[in-house]
Amino acid sequence: MAEQTEYSKKKECEVKALPMEEKKRLVREGKAHWFFPGHIIEQIVLCGFVVLILITLSTVFPAHLGEKADPFDTPAHIKPEWYFLAAYYSLRLAEYTDFLGAWAPKIMGIVAQQVAVTILILVPFIDQNVNERRPGKRPIAMALGFLAALTVIVFTILGHLV
Amino acid sequence: MDIETLHLGPFKIKNKIAIRLFSALDDRLGVKEIVDDEVFEKIVPAHLGFWSCFGGISFFLFISQALTGMLLMVYYQPTIEDAHATVAMIMNEVPFGWLVRGSHSWGSNLMLVTIMIHMVKIYVSGIYKPPRELNWVVGITLLLLTMGLSFTGYLLPWTQLAYWATVVGTETPAALPYVGEYIRYIMRGGEEIGQVTLTRFFAIHVMLLPVITASVIGLHLVQIRRQGIAGPM
């Protein structure tokens with residue numbers, strides 16, 4: 001008999017087509033779980049937790065409503081929300097590219113952001129190491145990923161501080 | 001289906017009316033097959049672990065945002081005269097308004113956190129690799145859409161911080177050659193930030209982006225359904 005593909009390597013349509021006996025065996029051997037009810041209950045409990053977290057946060061730290069906008073009064077410190085701080089800091093950083101010419105400071109920041117997003121989108125096509133998924137066996141991907149994450153975190157902190 | 005007992009996974013249904021109704025649906029739409037395939041006879045990889053749940057949580061937070069957003073729209077008015085006052089009213093007078101706005105505001109922050117954790121998990125576990133490359137692209141699109149939702153939603157209470165953050169945010173693309181000032185004009189709906197900007201951001205925040213995001217989430221989920229949840233490495 002031809003060697004069976006391991007469950008984790010099977011395509012979903014192949015898994016779906018497995019006979020009931022085979023599915024029961026996989027569950028018995030601890031390789032799979034039933035979607036119903038186990039997995040569904042897990043998801044519902046998780047959603048419940050999220051609702052609890054939202055209620056707790058809203059109660060302990062109520063949403064803030066600042067003073068009404070006044071177009072004639074520019075505040076001293078204009079800061080974006082935390083998730084835009086890294087992008088904000090990259091714009092500030094781009095001001096140091098003025099040695100390239102007067103055009104550079106404003107454009108380099110936007111260009112750098114576009115390049116970063118493009119690289120992020122293309123990750124699966126840049127990474128040619130298609131078969132290895134274990135992080136320990138992908139030192140380059142891990143190092144680059146770590147560097148990227150670190151950059152975002154450091155930029156966010158610096159964006160908060162400037 | 002002309003049967004005494006309807007077997008649906010662990011359930012044995014004997015109620016005649018329920019069986020008749022289900023049979024009618026099954027004859028017309030093949031419901032039994034779908035329910036068995038997608039629910040009762042479906043298996044998922046065991047030991048998915050804590051870090052695997054953040055995609056699902058992000059999805060749930062999107063639904064939560066849609067629901068709390070609809071509730072906020074009941075009282076909110078997108079005009080520069082009344083926006084701030086109606087949000088204040090939601091916070092102070094509307095029953096549980098503080099909770100709805102709190103959940104919406106915290107939900108948007110949490111959603112970005114859970115999406116980022118989800119992304120890191122997918123990266124570290126190499127789940128973006130074949131056959132799931134396309135779903136990584138769709139996922140990044142969802143991250144960008146969520147940031148767009150946050151950016152447009154932030155202006156709606158018409159506060160000082162939101163107003164001036166939007167001034168800076170819409171000023172940024174203006175530096176681009178040729179198209180820059182045009183982009184700024186489109187984003188603001190004029191030279192200055194005013195009523196048109198608020199109307200525009202409101203429309204984008206409550207209609208355009210939610211519809212697009214929901215569709216792209218659908219695309220994300222369909223791919224997961226077709227490809228299965230990535231098993232252990």
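Helices here are DSSP runs of H or I with at least four residues, numbered from the N terminus. With that in hand, His84(B) can be placed in helix 4 of chain B. One thing to keep in mind for every view is that this is a predicted model.

**View 1. His84(B) reaches across to chain A.** Start with His84(B), which is found in helix 4 of chain B. Is His84(B) buried or exposed? Its relative accessibility is 15%, and buried means under 20%, so His84(B) counts as buried. Look for two backbone partners of its side chain. A polar atom of the His84(B) side chain lies 2.7 Å from the backbone oxygen of Gly66(A), and the side chain also reaches the backbone nitrogen of Lys68(A) at 3.4 Å. Setting aside residues up to four places away in sequence, His84(B) touches Leu65(A), Gly66(A), Glu67(A) and Lys68(A) from chain A, plus Pro157(B), Trp158(B) and Thr159(B) from chain B.

**View 2. Helix 4 of chain B crosses helix 5 of chain B.** Stay with helix 4 of chain B, residues 83–92, and bring in helix 5 of chain B. Their axes come within 5 Å and cross at roughly 115°. The two helices are therefore roughly perpendicular to each other. Which residues make the contact? Helix 4 of chain B brings Val87(B), Ile90(B) and Met91(B), while helix 5 of chain B brings Gly97(B), Trp98(B) and Arg101(B). Sort these residues by type and you get 4 nonpolar, 1 polar and 1 charged.

**View 3. Tyr123(B) meets chain A.** Tyr123(B) also has its place in helix 5 of chain B. With a relative accessible area of 16%, Tyr123(B) is buried. Its side chain reaches the backbone oxygen of Ala141(A) at 2.6 Å. Ala141(A) has company: leaving aside neighbours within four places in sequence, Tyr123(B) is in contact with Val123(A), Arg138(A), Ala141(A), Met142(A) and Gly145(A), as well as Tyr128(B) and Trp136(B). Follow the chain from Tyr123(B) to Trp136(B) and you go 13 residues along the sequence, yet the two C-alpha atoms are 9.2 Å apart in space.

**View 4. Asp127(A) sits in a loop.** Where in chain A is Asp127(A)? It lies in the loop between helix 5 (104–126) and helix 6 (139–161) of chain A. Asp127(A) is buried, with a relative accessible area of 15%. Its side chain reaches the backbone nitrogen of Asn129(A) at 3.0 Å. Over in chain B, the side chain of Lys129(B) is joined to that of Asp127(A) by a polar contact of 3.4 Å. Beyond its neighbours within four places in sequence, Asp127(A) is in contact with Arg138(A), Ala141(A), Tyr128(B) and Lys129(B).

**View 5. A nonpolar core draws on both chains.** The largest nonpolar core has 21 residues, and Val50(A) and Leu61(B) touch the most other members. The elements giving two or more residues are helix 3 (35–60) of chain A and, from chain B, helix 3 (54–75), helix 5 (97–124), helix 6 (133–155) and helix 9 (195–227). Which helix gives the most? That's helix 6 of chain B, with 6 residues. Zoom in on Leu61(B): not counting neighbours within four places in sequence, its contacts are Val50(A), Leu54(A), Gly107(B), Leu110(B), Met111(B) and Thr114(B). Apart from this core lies another, of 20 residues, including Leu72(B), Val94(B), Trp164(B) and Phe202(B).

Technical notes. Residues are numbered from 1 along each chain as its sequence is written. Chains are lettered from A and ligands numbered from 1 in the order in which they are written. This is a predicted model: local features need pLDDT of at least 70, side-chain atom pairs count only at pLDDT 80 or more; totals for chains, interfaces and linings use all residues. Side-chain values use heavy atoms; hydrogens and water are left out. A nonpolar core is a set of buried Ala, Val, Leu, Ile, Met, Phe, Trp, Tyr and Cys residues joined through side-chain atoms within 4.5 Å. Buried means under 20% relative accessible area, exposed over 50%, partly exposed in between (1.4 Å probe, protein chains only). Contact means heavy atoms within 4.5 Å. Axes are lines fitted to C-alpha atoms, for helices over the stretch in contact, and angles run from 0 to 180 degrees between N-to-C directions. Angles under 35 degrees count as roughly parallel, over 145 as roughly antiparallel, 65 to 115 as roughly perpendicular and the rest as oblique. Ala, Val, Leu, Ile, Met, Phe, Trp, Tyr, Cys and Pro count as nonpolar, Asp, Glu, Lys and Arg as charged, and the others, Gly among them, as polar. A polar contact is a pair of N or O atoms within 3.5 Å; within protein, one must be able to donate a hydrogen and the other to accept it, and residues adjacent in sequence count only if both atoms are side-chain atoms.
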